Amino acid sequence: MAMRAAQNTNPTPQVEGVEMSHECTVADPEHYRLEFENEYVRVIRCHIPGRDKVKMHNHPFGSVVIFLTDQNLHQTLKTARPKKP
């Protein structure tokens, strides 16, 4: 139960040398919530209702994803637009 000391808010993570403004809990707090964090791991809960869309975000560190239910996701990557002359 001690590990369940979940953080109910999404503080902006501060990591030296890493751009965190597009990190999932900052960019889209409606769908991503920080559950637990220590010096070794960050546990993020993600809940995306059916047919909902999430905002563009990133995961600046290595990730492990565990799906608790069947998923049918469609991911679209942001593409670089050509610069106008």
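How many salt bridges does the structure hold? The structure holds 4, a salt bridge being a side-chain nitrogen of Lys or Arg within 4 Å of a carboxyl oxygen of Asp or Glu.

Before you click around: this is a predicted model, where local features need pLDDT of at least 70, side-chain atom pairs count only at pLDDT 80 or more, and totals for chains, interfaces and linings use all residues. Residues are numbered from 1 along each chain as its sequence is written, and side-chain values use heavy atoms, with hydrogens and water left out.

**The whole chain**

Start in cartoon view. You'll find 1 helix and 2 strands, running α-β-β along the sequence; these are DSSP runs, numbered from the N terminus, with helices being H or I of at least four residues and strands E of at least two. Of the 85 residues, 14% are buried (buried is under 20% relative accessible area, exposed over 50%, partly exposed in between, with a 1.4 Å probe and protein chains only).

**Glu35 and its partners**

Now select Glu35, which is buried at 6% relative accessibility. Add Arg33: the two form a salt bridge, with the closest N and O atoms 2.4 Å apart. Arg33 itself is partly exposed at 35%. Next bring in Arg45, whose side chain also meets Glu35 in a salt bridge, 3.2 Å from N to O. Arg45 sits in strand β2 and Glu35 in strand β1, so this pair ties together parts that are 10 residues apart in sequence.

**A linked trio**

Move on to Arg42 and Glu37, a salt bridge at 3.1 Å, N to O. Arg42 is partly exposed at 22% relative accessible area, and Glu37 is partly exposed at 34%. Add Glu23 to the selection and you have a network of salt bridges linking Glu23, Glu37 and Arg42.

**Out on the surface**

Switch to a surface view and pick Tyr40, in the loop between β1 (32–37) and β2. Tyr40 is exposed, at 72% relative accessibility. What does Tyr40 form with Val41 and Val43? The three make a nonpolar patch on the surface.

**Last stop: Val54**

Finish at Val54, in the segment after β2 (42–46), partly exposed with 33% relative accessible area. Leaving aside neighbours within four places in sequence, Val54 is in contact (heavy atoms within 4.5 Å) with Asp28, His31, Tyr32 and Ile48. Try a distance label to Glu30 too: Val54 and Glu30 are 24 residues apart in sequence, and 8.5 Å apart from C-alpha to C-alpha.

Note on methods:
Patch = residues over 30% accessible without salt bridge, like charges linked within 9 Å, V, L, I, M, F, W, Y side chains within 5 Å. Areas by Shrake-Rupley, 256 points an atom, 1.4 Å probe, with all protein chains shown as cover.
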